[in-house]
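The following exercises concern contacts between chains and the packing of helices. Each task is followed by a solution in steps.

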4 protein chains.
Amino acid sequence: MKRIGIMTSGGDAPGMNAAVRAVTRKAEHEGLEAYGINYGFAGLLAGDIFRIDSRTADDIINRGGTILYSARFPEFAEEPVQLKGVEQLKKFGIDAIVVIGGDGSYHGALRLNEHGFNAMGLPGTIDNDIPYTDFTIGFDSALNTAVHAMDNLRDTAASHERTFVVEVMGRNAGDIAMWAAVASAAEDVIIPEKDFDVAEVAAKLKSSRARGQKHAIIVLAEGVMTAAEFADKLKPFGDFQLRATTIGHVQRGGVPTAFDRVLASRMGSYAVELLMEGKGGLAIGIQNNKLVTHNMLDLFDSKHEPEMDVYKVAKELAF
Amino acid sequence: MKRIGIMTSGGDAPGMNAAVRAVTRKAEHEGLEAYGINYGFAGLLAGDIFRIDSRTADDIINRGGTILYSARFPEFAEEPVQLKGVEQLKKFGIDAIVVIGGDGSYHGALRLNEHGFNAMGLPGTIDNDIPYTDFTIGFDSALNTAVHAMDNLRDTAASHERTFVVEVMGRNAGDIAMWAAVASAAEDVIIPEKDFDVAEVAAKLKSSRARGQKHAIIVLAEGVMTAAEFADKLKPFGDFQLRATTIGHVQRGGVPTAFDRVLASRMGSYAVELLMEGKGGLAIGIQNNKLVTHNMLDLFDSKHEPEMDVYKVAKELAF
Amino acid sequence: MKRIGIMTSGGDAPGMNAAVRAVTRKAEHEGLEAYGINYGFAGLLAGDIFRIDSRTADDIINRGGTILYSARFPEFAEEPVQLKGVEQLKKFGIDAIVVIGGDGSYHGALRLNEHGFNAMGLPGTIDNDIPYTDFTIGFDSALNTAVHAMDNLRDTAASHERTFVVEVMGRNAGDIAMWAAVASAAEDVIIPEKDFDVAEVAAKLKSSRARGQKHAIIVLAEGVMTAAEFADKLKPFGDFQLRATTIGHVQRGGVPTAFDRVLASRMGSYAVELLMEGKGGLAIGIQNNKLVTHNMLDLFDSKHEPEMDVYKVAKELAF
Amino acid sequence: MKRIGIMTSGGDAPGMNAAVRAVTRKAEHEGLEAYGINYGFAGLLAGDIFRIDSRTADDIINRGGTILYSARFPEFAEEPVQLKGVEQLKKFGIDAIVVIGGDGSYHGALRLNEHGFNAMGLPGTIDNDIPYTDFTIGFDSALNTAVHAMDNLRDTAASHERTFVVEVMGRNAGDIAMWAAVASAAEDVIIPEKDFDVAEVAAKLKSSRARGQKHAIIVLAEGVMTAAEFADKLKPFGDFQLRATTIGHVQRGGVPTAFDRVLASRMGSYAVELLMEGKGGLAIGIQNNKLVTHNMLDLFDSKHEPEMDVYKVAKELAF
């Protein structure tokens, strides 16, 4: 093996660039060459591929987004399209590939693997919704962005004695919501993994008001419904001075946290090691603080399990 | 004069607490006593008033929101209500008052002044929309929050080659929008003070794309329309990969910037000095870098003028 | 059990307040009462103890330092002193105690345990140097502060093509240094757990310069030597435009990260659960992402093991 | 005029890149070309000059340091050296030049002006020590970095009841120190522009302790002495639990604030306008909120005057 291709695919996440840097520098450290593939599988097809070296990758560890761009490309599900991608890899002399992205990106990676190019998947998404890894690259950064926003909202909520319904990202996963709820001392949290009862939420708010605290923050995972919808459901139950707010796309960008930079660096480095051992078709994860691998195929039948102890703490401390 | 009352009124803004601290400590420095009035004019009426000293005010300079709470209280426009407020001031032995808030709060302050209590107004609002002051307390903080959010959005916009329409606060003023546009290198900015033409915005985006930059940020002042509405208007003109986002209430809270803390401290300190000279009915501002005063009455006939040189720079550098 | 005492002891760390809040609220959730003990064991002796309830603990989750203060009190090693502490606990009707602090604080906690008061220890220190826990409360916050500082230094280093020797905290542990080195893409890292050779460091810098990168950051754990001392050792080996800088006490304070807030909340909550089960003399940790307990006695014979995979990544990616 | 050269010279400051971007984009907006000159006057001599266009300058507004690098080059005081610089300008067809830097950099700019190349100076330094401008590019960012550090230190100071002597930058100017002192609610501030008496500082600390506040922050401008030296002077006067700390080089780097980005953008834009009018030999400043120009020669005889009202507020509110 001489040349490793790297791409980012799916939604961008802080730390993706740190992973790109890690793959690049680790490759060089091992006497290999790294090639950046722009725009994910779309760019692979288009041959939008370039030699990426230490210097290119040097200044990017603390930058959000992805310097390799990202794009959706559902066409890659078709075999003729895959074969054209394979041709491009051959043309550039690329022997193996690292794909950084979400669950979906792994399907593309697995196709390349089946066509004889060892492919490794790194979990890059803010949603933390990938099976077989406790944390994804980008989750910690998005979480801190959400929590920082809630610190700001708390100032206003307290000053005006309002109740903010705050919608955070996470697609179908409640991870950002429940971690952010604990970290922002939220008065309640609603996630897709757990049923909820609006009447109970209202009762909690009333009891909190009765005890003297007249403002509140309710964290809502986007996978449940929108903040506005939730506020509408809550309104009939009392005068809570409701405000619905959506933290939105700012969660996807920004300077990555130290945790995400280190996680991405370790995973990127490990991916190169595994490729050098001739392995492929593996998804890298971190479980119980150890870097682990699972067969990509296994991920497709699995479901990410959020750490429900965090949910329990969120609920109990917010009683 | 022995006792000075302080209240915050209208929307909260970062730096209000720094002003509260400044009034409190300056009062003590001059041998006076400070009294905090909770919930603005509503709290005045209710007698929600307490002795505030250096220690209470000590830890608050870097905290957003207002420890004195804020509330709307349109009833204060009626004279019988005002007279009840006056009674409360007398009951607590308060001789003079400092009101930190927006334009509207000055009306209440002026009523107290007419009833014989010297009242000073400090411009506390993130919107920067108060006449006779170049900057209001809270503007710089909200601006930096907005710009920080746009830095994050830029990461995602660039990674996915999208166009973000970003709605910022400012009520009817375009100040946050145009300063944020310059500071975030936005591709365009729309403010209420200036007409705009959606076709021109679209043409600009197309020319920028033609030159090779495929993402963009358009800053939109909330006084014009919502981000979603603007995106809808823009959509027919081309495929810009539009995303509408609203930075929202986070702009109102958060740790105040150094600029806001210093501005609030100077203004609060100056208010006490002026009250000691027996003055009242004045709005404090900063113009051309000097603390100034204007008769509150004059403000009601005036309109805040944004610094249009900033707008010009925003437009020219974003061509 | 009806009343739980809480204290912070040893050096302050971001997240301590989140732990105090968690113990307080979890206690209330379980129908118990929480008592804050100021100034650690010194305050225990002095009876500087107060009822702490949800409202007191409400606003503190995002504040650095400790609202319970901290103080050194080596006198607590003597039994007569301990017995006076025990008297105070009895006087306030406190049945059990949670001590948040470093290794040293656990000795005091164990003494109380021996005197019949169930005591739980939470690892609160930025240094990450406590055995049987992968992470301590405060480490992630200090790490991010250090990394943020290095991002700033990188700007200046690059602009002027300088080499910064940056000293970070950690007492005898290299954790902050090696994590920060990975996260800041440092060109080298020196920790107490590993020998180093100044000539090799110099050779690395020269080879990096030869490849075209003329600036560098070397992260140095304070447990090795001071930045100035290291720069002196490096100076004879070449003209590296050396600057020595110490990040210093800022690492101890500041708004805690989401990770630290969640970790502290979980640990604080767990401590109360364990006390309710009648347990004592245990140190709580997080290992392999699970909350764990170990007998405090075991900690005293053990040594914290840093995650050397992080060190390896730091070295390899910085080659 | 067709081509404008841009360089940064002297110590780097956040916002320099925003100025480089502004000159570049404004030049393009006016149909001109911009050329970046690396390493200040040293790079000019070496012909380290390149065409800088909108795309190069696009991503830099929020990055600290200077992408044009900076270097000291005292040799430029000699005429033969200047003439070689002139040759390079001619070789690249550069007609006029913008120099972003400190006081010293203006001497070089003026020499070029005398040799027939219109030169404009922009005040780029964190120290705020340039005459005829109220603010320099970088001051607001450095100030906020210093204040943020002090917020962190306050947490630790309060938790352990210590007195921190905090040394901030500013060379011979006290601006950062006195603004930071107000913004961080420091208990005292020492600047080069004002005499001080250690006994008085000690008396203040004692009286503050007597009133119940047992921690303190004393802000010290580096132009007075080092933090360690000041702590040594203070030590004999009492047991203040002194810690000396130096914020250091982190103040020079980091993401520029909105204020600095806007200031730099306006100044850079204005510089191009003035060059187009055929002007040269001018230093741009902002005074009383208006962009102004002064003859560079006048600056050399002048001294920057700090806003002493800020000092007064610092002292009075910290009594």
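**Exercise 1. The contact of chain B with chain A**

How many salt bridges are counted between chain B and chain A? Describe the interface as well.

*Solution.* The model is a predicted one.

Step 1. Between chain B and chain A the count of salt bridges is zero. Here a salt bridge requires a side-chain nitrogen of Lys or Arg within 4 Å of a carboxyl oxygen of Asp or Glu.

Step 2. Polar contacts are counted separately: 16 residue pairs are in polar contact between chain B and chain A, both residues being at pLDDT 80 or more.

Step 3. On the side of chain B that touches chain A, helix H5 (139-160) and strand S9 (242-246) of chain B each supply at least two residues. H5(B) gives the largest share of that side, with nine residues. By class, the side of chain B holds seven nonpolar, 16 polar and six charged residues.

Step 4. As to extent, 29 residues of chain B are in contact with 29 residues of chain A. The area buried between these two chains is about 2200 Å², and carbon and sulfur atoms give 49% of it. Asn152(B), Ser159(B) and His249(B) lose the most area to chain A within chain B, together 26% of what that side buries.

**Exercise 2. The contact of chain C with chain A**

Determine the extent of the interface between chain C and chain A, its polar pairs and the elements that build the side of chain C.

*Solution.*

Step 1. Chain C and chain A bring 50 residues each to the contact. About 4400 Å² is buried between them, 52% of this coming from carbon and sulfur atoms.

Step 2. Ten salt bridges cross the interface of chain C and chain A. Arg261(C) forms a salt bridge with Asp151(A), and the closest N and O atoms of this pair are 2.8 Å apart. Polar contact is found for 23 residue pairs across this interface, with both residues at pLDDT 80 or more.

Step 3. The elements that give two or more residues to the side of chain C include helix H1 (16-29), helix H6 (175-183) and helix H9 (258-276) of chain C. H9(C) provides the largest share of that side, eight residues.

Step 4. The side of chain C that touches chain A divides into 19 nonpolar, twelve polar and 19 charged residues.

**Exercise 3. Two helix pairs**

At what angle does helix H1 of chain A pack with helix H11 of chain C, and at what angle does helix H7 of chain C pack with helix H8 of chain C?

*Solution.*

Step 1. Helix H1 (residues 16-29) of chain A and helix H11 (residues 308-317) of chain C pack at about 70°, and their axes are 9 Å apart. H1(A) is therefore roughly perpendicular to H11(C), since the class covers 65 to 115 degrees.

Step 2. From H1(A), the contact is made by Arg21(A), Ala22(A), Arg25(A), Lys26(A) and His29(A), and from H11(C) by Lys312(C), Glu316(C) and Leu317(C). These residues comprise two nonpolar, one polar and five charged.

Step 3. Helix H7 (residues 198-210) and helix H8 (residues 227-234), both of chain C, pack at an angle of about 75° with axes 9 Å apart. H7(C) is thus roughly perpendicular to H8(C).

Step 4. Val198(C), Val201(C), Ala202(C) and Leu205(C) of H7(C) meet Phe230(C), Lys233(C) and Leu234(C) of H8(C). The residues of this contact are six nonpolar, no polar and one charged.

**Exercise 4. A salt bridge and its location**

Why does the salt bridge of Glu307(B) with Lys290(D) join two chains?

*Solution.*

Step 1. Over all chains the count comes to 80 salt bridges. Glu307(B) forms one with Lys290(D), the closest N and O atoms being 3.4 Å apart.

Step 2. Glu307(B) is in the loop between helix H10 (296-300) and helix H11 (308-317) of chain B, while Lys290(D) is in strand S11 (residues 290-295) of chain D, so the pair joins two chains.

Note on methods:
Residues are numbered from 1 along each chain as its sequence is written. Chains are lettered from A and ligands numbered from 1 in the order in which they are written. Side-chain values use heavy atoms; hydrogens and water are left out. Axes are lines fitted to C-alpha atoms, for helices over the stretch in contact, and angles run from 0 to 180 degrees between N-to-C directions. Helices (H or I, at least four residues) and strands (E, at least two) are DSSP runs, numbered from the N terminus. Angles under 35 degrees count as roughly parallel, over 145 as roughly antiparallel, 65 to 115 as roughly perpendicular and the rest as oblique. Contact means heavy atoms within 4.5 Å. Ala, Val, Leu, Ile, Met, Phe, Trp, Tyr, Cys and Pro count as nonpolar, Asp, Glu, Lys and Arg as charged, and the others, Gly among them, as polar. Buried area is the accessible area (1.4 Å probe) that two parts lose on being put together, summed over both. A polar contact is a pair of N or O atoms within 3.5 Å; within protein, one must be able to donate a hydrogen and the other to accept it, and residues adjacent in sequence count only if both atoms are side-chain atoms.
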